[in-house]
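Visitor: I would like a close look at one part of this model. Please take me to the place where the ligand is held.

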Amino acid sequence: MPPISDRTRLISGATRRGRGRRPVNPPLERASTMLSDDPARMQDGSDGPVYGLDGTSAARELRAVLTQLEGGADAFLVPSGLAAVTVPLTALLRPGDEVLTTDAVYGPTRRFMTRHLAARGIDARFHPAAASTEAILAALTPRTRVLLIEAPASLSFEMTDVPALAAACRERGVLTVMDNTWGAGLAFRPLAHDVDVSAQALTKYVGGHSDLLMGGISARAPDVVRAIAHTVEDMGWHVSPDDAWLALRGVRTLPLRYEAQARSALEIARWLNARPEVAEVLYPPLPGAVGHDLWRRDFDGAASLMGVVMKGGDTAAAHAFMRALSLFGMGYSWGGFESLITHETPQLAHRQHAPDLPGQLLRLHIGLEDPGDLIADLETGLKAWRAQQDSNLQPPA
Ligand SMILES: *Cc1c(COP(=O)(O)O)cnc(C)c1O
């Protein structure tokens, strides 16, 4: 049989033959204790996991699906997307080491690096988000043990040349970890490009319904897999069977949702890009956008998350835009079925090298609604934005 697509593979895993009469989805097992019928088999574990911490049926199946999706040797589940990044960093770094990442790294990851890691003798360094491959490599020192990659980066959506960076790091003995939440294991496969660890927030597209928090970690090299396994085990990380069950339900429709949302996102990005109120749309799949060439070369698809840089404006105008919308929820996170909007200008203050944007930064997550309806809603938002701008121009009474 010719190789099958992700779309087929993620579903055919559920209908695999030879497992007897059973429901399509694994029964939901809630368990701390797992009972055995035989003391010998209980001791050698040949009946399967003997304790809930070792994973119930849905978690085991989800791990297998994630291993296959990311092309790893194994995959691990942790309680949040944030933990999917902090666990490999904890596993791979020792006191005295240095970790380098982009200044545009996901905010809570930055906090983990500057607070938790720093307190344990591990220095975090941040390179400018738009740094070239050469500049990033030049920033590595003999103490740099790990390079953490995020592409596109959070909020400002800069792209990096992941294959070139990962290959150069491997040559120098620097380990690479990539936060692959945007790529979701569909649009980009870090492990196939020499990256050592692929982490993603399953909270986002895999869950897909804004009803769970979970992280997935995948790796290929035996020593890296072992280091992560030991950290997960030693720290006692675990995900609830209910959440694993929901994530497994989500993963069956992941490619369809991801592609449909990307199609809508591109249509909306094009529309916004042509609007006089908008200075720039930060969305690598958009032709002409920053990072488009690298995205086209390396990615097979796209997430539906974008930055919208307005022409000027202030907080009042950004809030007026957001209040005027009726179809976009005001909320953090992304990857669910619903469209969301956030005002991101305040978050940029945490950066060392903040991007020089000509106006307010909004972030849109495009969901599964009809894109025509979303565009009509955004039109209303832009009208409110203009009204607020005009009221700023009125002389005081
Ligand atoms: C949301 C997000 C995370 C964290 O996921 P949680 O499940 O919310 O902890 C990590 N990285 C990126 C890029 C994210 O957007």
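Visitor: By class, how many nonpolar, polar and charged residues does the shell around the ligand have?

Guide: One caution before we start: this is a predicted model. The shell has 5 nonpolar, 5 polar and 2 charged residues.

Now put names to those classes. The nonpolar residues around the ligand are Leu82, Tyr106, Ala201, Leu213 and Trp334. The polar ones are Ser80, Gly81, Ser154, Thr181 and Thr203. Asp179 and Lys204 are the charged pair. Glycine may surprise you here, but Gly81 is counted as polar.

Where is the ligand? Find the largest pocket, and you will see the ligand sitting in it.

Next, follow the polar contacts. Start with Lys204: one of its polar side-chain atoms is 2.8 Å from an oxygen atom of the ligand. Turn to Leu82. Here the backbone does the work of contact: a polar backbone atom of Leu82 lies 2.9 Å from a ligand oxygen. So Leu82 counts as nonpolar by class, yet its backbone still offers a polar atom to the ligand. Then look at Trp334, where a polar side-chain atom is 3.1 Å from an oxygen atom of the ligand. Trp334 is also in the nonpolar class. How much of the ligand is covered? On its own, the ligand has 380 Å² of accessible area, and the protein covers 90% of that.

Now shift to a loop. Ser154 is one of the residues around the ligand. With that number in mind, look at the loop between β4 (144-150) and α7 (162-172), where Pro152 is found. The peptide bond from Ala151 to Pro152 is cis, and its omega is near -10°. Leu155 is in the loop between β4 and α7 too. Its phi is near 70°, which is positive, and Leu155 is not a glycine.

One last stop is a sheet. Its 5 strands run in the order β8-β9-β12-β11-β10, with mixed pairing, and the sheet is open. At its edges are β8 (278-282) and β10 (329-330), each paired on one side only. Strands of a sheet pair through backbone hydrogen bonds. Strands β10 and β11 (residues 340-343) run parallel, joined by 2 bridges. In one of them, Met330 has Ile341 in β11 as its partner.

Note on methods. Residues numbered from 1 in each chain as written. Predicted model: local features only at pLDDT ≥ 70, side-chain atom pairs only at ≥ 80, totals over all residues. Heavy atoms only, no water. Near = heavy atom within 4 Å. Polar contact = N/O pair within 3.5 Å; in protein donor to acceptor, adjacent residues only side chain to side chain. Areas by Shrake-Rupley, 256 points an atom, 1.4 Å probe, with all protein chains shown as cover. 1 Å grid on protein atoms, 1.4 Å probe; cavity = no way out; pocket = protein on both sides within 12 Å on 5 of 7 lines; lining within 4 Å. Sits in = over half its atoms within 2 Å of the grid points. Pairing = 2+ DSSP bridges. Helix = DSSP H or I, 4+ residues; strand = E, 2+ residues; numbered from the N terminus.
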